[in-house]
Amino acid sequence: MGNDEIGPEKQLGTIIMEFNSGSKELYNRRKVDLSNPSIKYGDTIFVTKQNAGPISSLEVLDMQFDLFLGAYKGSIKVEFDPFDNQVWFEQRSIRSVVDTGKIFVVFGCLSNATVANMEIQLLDISAPVDVHGVIAARNSVLDQPSCTSVLFWKSSVKKIEVGRNGVIPLLKSRVGVPLVSKFYVDVSLSINGEHYEGTVSFDPHTKGVYGEGVSIPGKEAKIKVKVKWDARKNSVFHTYDSVYRKWDDDEYDSEEDTEG
């Protein structure tokens with residue numbers, strides 16, 4: 001909304017997906033959480049419902065938005081035609097009711113695709129540990145930044161405790177992946193104050209379970225990514241919601257704003 005940040009007290013609202021075989025809630029925040037960071041232009045609106053996607057065999061999708069205390073209200077309707085061995089994406093937008101900002105929504109439709117069901121585990125945990133950082137998934141075909149799936153995100157002030165089983169609770173654990181692509185999981189985590197960063201890659205399959213340890217230069221691998229592949233039907237759909245701003249080069253003239 002203009003140059004204003006969307007603070008925790010304004011982040012109430014819902015995003016609901018209705019489609020030919022049912023409906024899902026992507027975002028539902030009814031109570032103020034003052035520990036949430038402010039949302040700024042360029043930030044992702046993280047889903048609040050685990051495993052909100054993907055959706056298989058999609059024909060029609062209707063997304064209903066009522067966000068930020070009514071500042072953004074509207075709907076987006078998308079119709080899909082089946083096609084073979086293609087990946088398609090489109091960007092739509094919802095304007096604020098006073099026309100001061102936009103929410104951009106990127107839709108990705110995958111044909112000849114499979115689903116990655118993921119579990120990410122810390123290895124050799126003898127006692128609970130504090131964890132924060134980011135885990136994200138992407139593929140080599142949908143390489144737009146807005147088509148990266150955030151699986152886990154916690155700041156240092158909202159770190160979580162992971163128990164002895166080592167399993168990290170994910171915001172999203174199921175992602176649609178084209179069979180013709182390479183699938184990547186990027187990890188950047190702080191575990192009890194020690195930083196671990198690396199990437200694992202997988203070749204998509206229609207079924208089977210595969211596991212890979214994250215290779216971290218100079219350190220013994222302590223993070224394992226396990227993927228169970230599940231190709232249900234030919235068409236798989238996934239959504240990505242983000243607040244995004246197209247910057248105007250002449251809009252800012254102060255050194256502080258330029259650096260920001």
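## Close-up views of a predicted single-chain model

Buried residues make up 42% of the 260 residues in the chain, and the model from which these views are taken is a predicted one.

**View 1. The chain as a whole, with one helix and 17 strands.** About 13,600 Å² of the chain is exposed, and 44% of that area is supplied by carbon and sulfur atoms. Among the contacts in the chain with a separation of 6 or more, 66% are accounted for by residues that lie 24 or more positions apart.

**View 2. The largest nonpolar core, which has 31 residues.** Phe-183, Val-185 and Ile-223 are the residues that touch the most other members of this core. At least two residues of the core are supplied by each of strands S8 (113-122), S9 (129-139), S10 (149-154), S11 (160-162), S12 (174-178), S13 (183-191), S14 (194-202) and S16 (223-230). The largest share, five residues, comes from S13. Apart from this core lies another, of 26 residues, which includes Met-63, Tyr-72, Ile-103 and Cys-109.

**View 3. The surroundings of Phe-183, a buried residue with a relative accessible area of 1%.** Once its neighbours within four places in sequence are left aside, Phe-183 is in contact with residues including Ala-116, Met-118, Ala-137, Arg-138, Val-175, Val-177, Val-200, Phe-202, Val-227 and Trp-229. Phe-183, Phe-202 and Trp-229 together form one aromatic cluster. The ring centres of Phe-183 and Phe-202 are 6.5 Å apart and the ring planes stand at 40°, so this pair is classed as tilted. Because Phe-183 lies in strand S13 and Phe-202 in strand S14, the pair ties together parts that are 19 residues apart in sequence. Phe-202 is likewise buried, with a relative accessible area of 5%. Arg-138, one of the contacts of Phe-183, has its charged end over the ring of Tyr-184, 4.5 Å from the centre of that ring.

**View 4. The aromatic pair of Phe-68 and Tyr-72, both of which are buried.** The count of aromatic pairs comes to three. In the pair shown here, the ring centres of Phe-68 and Tyr-72 are 5.9 Å apart and their planes are at 90°, so the arrangement is edge-to-face. Tyr-72 is also among the members of the 26-residue core.

**View 5. The salt bridge between Lys-182 and Asp-203, with the closest N and O atoms 2.7 Å apart.** The pair links distant parts of the chain, Lys-182 being in the loop between S12 and S13 and Asp-203 in the loop between S14 and strand S15 (207-213), 21 residues apart. Lys-182 is partly exposed, with a relative accessible area of 27%, and Asp-203 also counts as partly exposed, at 44% relative accessibility.

**View 6. Two further salt bridges, Asp-130 with Lys-159 and Lys-40 with Glu-5.** The structure holds seven salt bridges. In the bridge of Asp-130 with Lys-159, the closest N and O atoms are 4.0 Å apart. Asp-130 lies in strand S9 and Lys-159 in the loop between S10 and S11, so the pair ties together parts that are 29 residues apart in sequence. In the bridge of Lys-40 with Glu-5, the closest N and O atoms are 3.9 Å apart; Lys-40 is in the loop between strand S2 (22-29) and strand S3 (55-56), whereas Glu-5 is in the segment before strand S1 (13-19), 35 residues apart. Lys-40 counts as partly exposed at 44% relative accessibility, as does Glu-5 at 41%.

Notes:
Residues are numbered from 1 along each chain as its sequence is written. This is a predicted model: local features need pLDDT of at least 70, side-chain atom pairs count only at pLDDT 80 or more; totals for chains, interfaces and linings use all residues. Side-chain values use heavy atoms; hydrogens and water are left out. Helices (H or I, at least four residues) and strands (E, at least two) are DSSP runs, numbered from the N terminus. Buried means under 20% relative accessible area, exposed over 50%, partly exposed in between (1.4 Å probe, protein chains only). Contact means heavy atoms within 4.5 Å. Accessible areas come from the Shrake-Rupley method with a 1.4 Å probe; for residues, only the protein chains shown count as cover. A nonpolar core is a set of buried Ala, Val, Leu, Ile, Met, Phe, Trp, Tyr and Cys residues joined through side-chain atoms within 4.5 Å. Rings of Phe, Tyr and Trp (its six-membered ring) pair if their centres lie within 6.5 Å; planes under 30 degrees apart count as stacked, over 60 as edge-to-face and the rest as tilted. A charge sits over a ring if NZ of Lys or CZ of Arg is within 6 Å of the ring centre and within 35 degrees of the ring normal. A salt bridge is a side-chain nitrogen of Lys or Arg within 4 Å of a carboxyl oxygen of Asp or Glu.
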